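Colleague: I have not looked at this one before. Can you walk me through it?
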Amino acid sequence: MAERAKKPPRPWSHLGCIACDRVYPLTEIRYACDACGDLLEVRHDLDRLKGARGPAAWRALFAGRMSVAGVHRSGVWRYHELVLPDLPLDAIVTKPEGNTNLYRSAMLEEQSETAEVYIKHEGENPTLSFKDRGMTAGVSFARFLRVRAVACASTGDTSAALASYAAQVGGLRAVVVLPRDKVSVEQLSQPIASGCLTLSLPTDFDGCMRLLREVCGRLPLYLLNSVNPLRIEGQKSIGFEIVQQLAWQPPDWIVVPVGNAGNISAIGKGLFELATLGVIDRVPRLLGVQAAAADPLARAARRQFRERVRVAARDTSASAIRIGDPVSYDKAVAVVRRSGGDFESASEEEILDAKAQVDATGVYICPNSATAVAGFLKARAAGRIRKDERVVIVATAHGCKFSSTTIDYHRGRLAGVSSRLANRIVEIEADARAIERLLGEGDGKR
Ligand code: F0G
């Protein structure tokens with residue numbers, strides 16, 4: 001008897017429209033729903049995943065992978081079954097990423113009189129931002145689909161991650177589109193260094209995004225912005241790692257800086273999935289924080305989300321979140337509201353003072369991350385976050401990506417900012433006595 005043709009394995013995941021629920025195969029390259037034009041998300045067969053393992057077995061699986069070599073060591077691919085179960089392990093492009101530290105902040109606990117405050121430092125990823133988590137998923141999927149070229153618009157960090165991961169794949173072309181003079185010099189150096197075609201346009205991020213989406217509709221370029229739902233799946237692992245690091249006891253709040261709103265959507269999506277599987281018993285409230293210069297979601301929250309708000313983004317030291325029309329707006333609103341959370345905004349002064357305070361504890365963060373810290377302090381002062389609660393603030397990139405801003409703050413050279421916490425650089429002669437005099441030790445008493 002002739003052997004029956006082997007049936008392809010039933011996929012674990014597909015794409016679904018967040019508005020009209022129309023579904024598409026995961027391997028179809030698309031960034032919007034054909035029927036209604038809205039955003040797509042990856043939907044996993046959660047019933048099947050639930051049937052595959054119980055909560056304790058999931059926790060044991062993830063714990064066991066902490067010490068293994070290979071792909072599963074990554075802080076993203078440790079959760080492979082919940083990220084992209086249909087993606088074969090041998091297609092994965094990893095550095096590895098994730099496994100970032102969760103720092104307890106005694107300073108923030110004291111200052112805000114809050115029981116427990118942690119900083120999850122995503123700046124400790126290989127390209128110094130959280131974007132590596134989404135990019136390992138996106139570039140791996142690009143390789144799996146055998147696409148020839150990948151592209152993104154970026155305020156800096158996505159382009160750094162895309163360029164660096166694409167450089168690991170032979171024959172994969174990478175293109176990034178950046179708003180001219182609105183990206184830090186350190187960020188700009190990263191895609192150039194990785195050999196990526198780096199386009200600088202005289203517009204803002206929202207303009208870059210619009211143009212690139214148009215081009216991707218006409219050329220065979222695989223778009224790796226967070227409008228690509230595959231990226232969101234890798235990004236979810238920030239939330240997974242946070243709860244695993246806290247021995248699966250979810251914090252009361254997770255505070256996230258928000259720009260294009262992909263990250264907060266991802267963290268929320270992942271945690272709701274983890275709760276469905278019984279791995280955690282509740283989902284933390286999400287607080288999304290924007291710079292006051294680019295705060296459509298915080299404005300919408302103040303109006304109870306009655307209408308979609310778009311703003312023309314103004315200049316801010318938190319340039320990575322200088323976005324007036326976030327692509328993942330609807331996803332973020334839905335997940336933040338479902339979590340019982342909120343949105344907040346912070347002024348330039350609040351952002352840069354918060355940065356100086358956290359930096360001075362030896363945890364060096366960027367202004368975008370500091371926006372979340374400032375938002376936390378405001379929400380705590382207003383009593384929205386309570387004294388007895390446990391809070392995790394996500395620092396999304398490393399301070400070294402914004403060293404000019406740091407130095408300008410400490411030199412008191414940032415317009416409109418008082419630099420009240422400046423640690424001034426002391427310029428003295430190249431002379432031992434001068435140093436001794438300065439240190440008050442030149443009187444021979446040592
Ligand atoms: N923090 C940093 C350091 C970022 O680079 C970004 C976004 C965010 C926060 C906000 O995350 O967009 O998911 O809400 N940077 C994107 C980029 C836009 O192009 O690098 P989001």
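Modeller: We can go through the ligand, some backbone details and two helix pairs.

Modeller: This is a predicted model, where local features need pLDDT of at least 70, side-chain atom pairs count only at pLDDT 80 or more, and totals for chains, interfaces and linings use all residues. Residues are numbered from 1 along each chain as its sequence is written, and side-chain values use heavy atoms, with hydrogens and water left out.

Colleague: How many residues surround the ligand, and which are the closest?

Modeller: There are 20 residues around the ligand, and Asp157, Thr158, Asn260, Ala261 and Thr396 are the closest. A residue counts here if one of its heavy atoms lies within 4 Å of the ligand.

Colleague: And what does the side chain of threonine 396 do there?

Modeller: One of its polar side-chain atoms is 2.6 Å from a nitrogen atom of the ligand. In the side chain of lysine 131, an N or O atom lies 3.2 Å from a ligand nitrogen. Alanine 261 uses a backbone N or O atom, 2.7 Å from an oxygen atom of the ligand. On its own the ligand has 470 Å² of accessible area (Shrake-Rupley method, 1.4 Å probe), and the protein covers 98% of that.

Colleague: Where is alanine 261 in the chain?

Modeller: Alanine 261 sits in the loop between strand S10 (253-257) and H11. Helices (H or I, at least four residues) and strands (E, at least two) are DSSP runs, numbered from the N terminus. The phi of alanine 261 is positive, near 75°. Most residues other than glycine have a negative phi, and most peptide bonds are trans.

Colleague: Which peptide bond is cis?

Modeller: The one from lysine 95 to proline 96, with omega near 0°. Proline 96 is in the loop between helix H3 (80-83) and strand S4 (102-104).

Colleague: New topic. At what angle do H14 and H15 pack?

Modeller: Helix H14 (residues 348-359) and helix H15 (residues 367-381) pack at about 100°, with axes 8 Å apart. Axes are lines fitted to C-alpha atoms, for helices over the stretch in contact, and angles run from 0 to 180 degrees between N-to-C directions. The two are therefore roughly perpendicular, a label for 65 to 115 degrees; under 35 is roughly parallel, over 145 roughly antiparallel and the rest oblique.

Colleague: What about H10 and H11?

Modeller: The axes of H10 (residues 237-245) and H11 (residues 262-276) come within 7 Å and cross at roughly 55°. That makes H10 oblique to H11. Contact means heavy atoms within 4.5 Å, and the H10 residues involved are Ile238, Gly239, Phe240 and Val243.

Note on methods: A polar contact is a pair of N or O atoms within 3.5 Å; within protein, one must be able to donate a hydrogen and the other to accept it, and residues adjacent in sequence count only if both atoms are side-chain atoms.
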